[in-house]
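Dear colleague,

Please find below the structure that I promised to hand over to you. I would be grateful if you could keep it open while you read the notes that come after it.

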Amino acid sequence: MKLKKLRLFANRDRETRTRIAYIGLTAGTVLIAFLLVLINRWIFRLNEAALYDDPQYEAISIISANGIGAPLPFETRVAMFLGCDRQGDERAVMPGEMSEAEITERIKALWTETLQIHAPSGKLFTGESADSVLKKSRYQATLRDFYNDTTGAKLALWCAQAYYSAENGQTYCLSVQYDSRTGEAYSQNCALFDSVRSEQATAAIGLFLTANGYADSLAEQAILTPTVKGYSGTLTLPDGLLLEIFYSTNEQYEIAFTR
C-alpha cells in the first residue's frame, strides 16, 4: 500500500511539473513574441524617421484634390504620344473619358468643314456633291491604349474615322487620333484624291489648328517646301509644339504633332 501511494504521488508530481513546464513554455513564447513585435516597431520607427528630410526625397504640396485627376499638360501628352510604340486592344470607355457619341460628333463636324474646303462650289473636283457625300458618310470610333514599353507610359486615344465609298471605287476618308479625355487631336489624315489641291493646304492646316484650340491664322506661318507630289513642311506653334505636314496633291494629306 505504501508503495502504491508513493507511485501515485510520484505520478501526480510529474503531471504537475509537466503542466508547469507547458505553462512556462507557453508564457515564454508569448513574451518573446511580444518582445519581437516591440523590437520590430522600434526598428520601423527608426527607419521611418530616417526617411524624412533626406536630400534624395523631394517634398511636394498638393493644393487641391481636384488637380490629382486632371489631365497632364498638353505638351506632356504630346510627348507621350510621340513616344508610344505599341497599341493595345479596343476597350470600353472609363469614367472621365469622352464617349463614342461625343467623338463621333467631333469628327463629323471636322469632316463637314473639310468637305467645305475641298468643295468650294458645293461639289468635289470629281463632280460629286459635298452634301451627298456627307449624307452617305459613315463614322466609326475605337478606343485604345497606346504604350511606350521603354518608359511604361500609356496614353488613351480615340481612333476615329469618317469615310465615304465613291462611285469610282475610291474611299474618301478622314482619320483622326483624339485624346480620350480632352478631345484634342494628335494627328489627322485625309484622303480626297482629285479634290486635294495645293491651294487648299493652308485652309486644311487651319482646320487642324482650330480643332486644338489654336488660331487658324497660324497656318500662314507654316514653312512648306514643294515636293514632287505637293508639299512637306513644319509649323512651330506659340507654345513650342511642332506640327509636321505632308500634302500630296490629288491624293491625301497628313498633319501631326512631331518632335
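The notes below begin with how to read the model and then go through its sheet and helices.

This is a predicted model, in which local features need pLDDT of at least 70 and side-chain atom pairs count only at pLDDT 80 or more, while totals for chains, interfaces and linings use all residues. Residues are numbered from 1 along each chain as its sequence is written, and side-chain values use heavy atoms, with hydrogens and water left out.

Helices (H or I, at least four residues) and strands (E, at least two) are DSSP runs, numbered from the N terminus, and two strands are said to pair if DSSP finds at least two bridges between them. On that basis, 9 strands form an open sheet with antiparallel pairing, in the order S1-S2-S3-S4-S5-S9-S8-S7-S6. Its edge strands, each of which pairs on one side only, are S1 (86–90) and S6 (223–226).

Within this sheet, S3 and S4 pair in the antiparallel sense over 9 bridges, with Cys159 standing opposite Gln177 in S4. The two form a hairpin with 5 residues between them, and Gly169 in the turn has a positive phi of about 95°. S4 also pairs with S5 in the antiparallel sense, over 6 bridges, and here Cys173 stands opposite Ala191 in S5. S4 and S5 likewise form a hairpin with 5 residues between them, where Gly183 in the turn has a positive phi of about 80°. Of the 9 residues of S4, 7 are buried (under 20% relative accessible area with a 1.4 Å probe, protein chains only; exposed is over 50%, and partly exposed lies in between), so S4 is largely enclosed by the rest of the structure.

Helix H3 (residues 100–118) packs on the sheet, touching S2, S3, S4, S5, S8 and S9, where contact means heavy atoms within 4.5 Å. Its buried residues are Ile103, Ile107, Leu110, Trp111, Thr114, Leu115, Ile117 and His118. Seen down the axis of H3, these fall within an arc of 150° (taken from the directions from the helix axis to the C-beta atoms), so they line one face of the helix. On the other side of H3, Ala101, Glu105 and Gln116 are exposed.

Helix H5 (residues 201–211) has buried residues as well, including Ile205, Leu207 and Phe208, and the buried residues of H5 pack against H3, S5, S6, S7, S8 and S9. H5 is followed by Gly213, whose phi is positive, near 85°.

With best wishes

Technical notes
Axes are lines fitted to C-alpha atoms, for helices over the stretch in contact, and angles run from 0 to 180 degrees between N-to-C directions.
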